[in-house]
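The notes below are meant for a colleague who is opening this structure without prior acquaintance. They take the enclosed spaces, the open pockets and the ligand in turn, and they are best read with the model in view.

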Amino acid sequence: MHTDSADTTVHPTPLEERITQDPARFRILTGDRPTGRLHLGHYFGTLHNRVRLQNLGVETFVIIADYQVLTDRDLADDLTGHVEELVLDHFAVGVDPARSTIFTHSAVPALNQLLLPFLSLVSVAELSRNPTVKDEIAHSRQAAVSGLMFTYPVHQAADILFCKAGLVPVGRDQLPHLELTRTVARRFNERYGAGIFPEPEALLSRAPVLLGTDGTKMSKGRGNAIALAASPDDTARLIRGAKTDAERHIHYDPERRPEVSSLLLLAALCQDRAPEEIADEIGALGSAALKKVVTESVNEYLAPVRARRAEYARDRAQVRRVLREGNERARAVADATLAEVRTAMNSDY
Ligand code: TRP
């Protein structure tokens, strides 16, 4: 029987219906910090949604948030390398540069200038209580909290609003930033009476969050992630070392057995089946058999993604060209929005 647990297909909600009926009315923006390769958590959390919407005909912007790297560390190591890897990861999963704009926010001055009026619209108290910022401060590599860390959700509002995106496919951890973006848009419109900005909506994946191999949230910086670009052997090694529990019989029970259940979920997502069904097949064979199934499922699922990535990786000049063109396009869009903002604020001298 097919249950709902690992279902990433999207069921008609009013928003989904509106998108399918008239994709050209929507614009999405989403993106990542260039701090490492994208992994399976990103893929099932948001990447598949980006590609799905792009393919439906929704105009798509993918931001590589390079300034945001400096929120929790003093220096961004190998920034150029990480930026190019991110572009390759997006190509690999099906983001098409002919249909989507991929760009870095540091290359778009007018986007960054929006930060100043936006900062005037939020209070220090609002910034202080952002739960995602609090969590990132707790995991930060820096002893002191920088002004950039404290204000980055407002910068992220500029990332989203510069192109007037109405939809933002993100993971749940980004919801406080979306809420702040909506607040900034609403207050700008109220204060300057211009109706310039839409209040964007988050588009969440229906897939539950995947855990990393250590049983905590899968994350680029924690050494617990399976990168899309990992080799089949590395994938096998990582999964072999994944944390499980002492119970031999394999059951899907996310509450009581989070690590085993997350592995089952991963296999289920790759096979497009229910995790309970896979658990039943493994049953008494235990966690070694489970890990074998997971490894095979992941490697099979990612084979075409990895092949496409390797193909694109041969042509670095193309990667740079796509970025240059993306930056140019983003600059044109940001310039137009900033011009409207300056008019609304009576500062277009
Ligand atoms: N903060 C996001 C993350 O860490 C990255 C990001 C920056 C982003 N700007 C954005 C995501 C705008 C969505 C929209 O994953």
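1. Helix α11, which spans residues 258-271, gives four residues to the lining of the largest cavity, and this is the largest share of that lining. Please keep in mind while reading that the model is predicted. The largest cavity holds about 120 Å³ of space, and among the 14 residues that line this cavity, Leu 211, Gly 212, Thr 213, Ser 262 and Leu 263 are the closest to its centre. Sorted by class, the lining of the largest cavity consists of eight nonpolar, four polar and two charged residues.

2. How many cavities of 30 Å³ or more does a search of the whole structure find? The search finds two, and the second largest cavity contains about 30 Å³ of space. The lining of this second cavity is made up of Thr 71, Ile 137, Ser 140, Gln 142, Ala 144, Val 145, Ser 146 and Met 149. By class, the lining of the second largest cavity divides into four nonpolar and four polar residues, with no charged residue.

3. Turning from cavities to pockets, the largest pocket has a volume of about 1,300 Å³. It is lined by 50 residues, of which His 42, Glu 136, Asp 173, Gln 174 and Lys 217 are the closest to the centre of the pocket. Two or more lining residues come from each of the elements β1 (27-32), α2 (40-56), α7 (131-139), α8 (147-161) and β4 (167-169), and α2 gives the most, with six residues.

4. What is the make-up of the lining of the largest pocket by class? This lining has 17 nonpolar, 19 polar and 14 charged residues. The lining of the largest pocket also draws on two domains, since at least three of its residues come from domain 1 (14-209 + 315-344) and at least three from domain 2 (220-313).

5. The second largest pocket contains about 170 Å³ of space. The residues that line this second pocket are Glu 126, Leu 127, Arg 129, Asn 130, Pro 131, Pro 153, Pro 176, Glu 179, Leu 180 and Thr 183. Both α6 (124-128) and α9 (175-192) supply at least two residues of the lining, with the largest share, four residues, coming from α9. In terms of class, the lining of the second largest pocket has five nonpolar, two polar and three charged residues.

6. The ligand deserves a separate look. There are 14 residues around the ligand, and those that come nearest are Gly 31, Gln 68, Gln 156, Asp 159 and Gln 174. Gln 174 can be followed from one point of this note to another, as this residue is also listed among the closest to the centre of the largest pocket.

7. Which side chains place an N or O atom at a short listed distance from a nitrogen atom of the ligand is a matter of three residues in this note. For Asp 159, an N or O atom of the side chain is 2.7 Å from a nitrogen atom of the ligand, while for Gln 156 the corresponding distance between a side-chain N or O atom and a ligand nitrogen is 2.9 Å. A polar atom in the side chain of Gln 174 lies 3.0 Å from a nitrogen atom of the ligand. On its own the ligand has 370 Å² of accessible area, and the protein covers 89% of that area.

Notes
Residues numbered from 1 in each chain as written. Predicted model: local features only at pLDDT ≥ 70, side-chain atom pairs only at ≥ 80, totals over all residues. Heavy atoms only, no water. 1 Å grid on protein atoms, 1.4 Å probe; cavity = no way out; pocket = protein on both sides within 12 Å on 5 of 7 lines; lining within 4 Å. Points joined across faces, edges and corners; volume = space filled by probe spheres on them. Nonpolar A, V, L, I, M, F, W, Y, C, P; charged D, E, K, R; others polar. Domains from an automatic or database assignment. Near = heavy atom within 4 Å. Polar contact = N/O pair within 3.5 Å; in protein donor to acceptor, adjacent residues only side chain to side chain. Areas by Shrake-Rupley, 256 points an atom, 1.4 Å probe, with all protein chains shown as cover.
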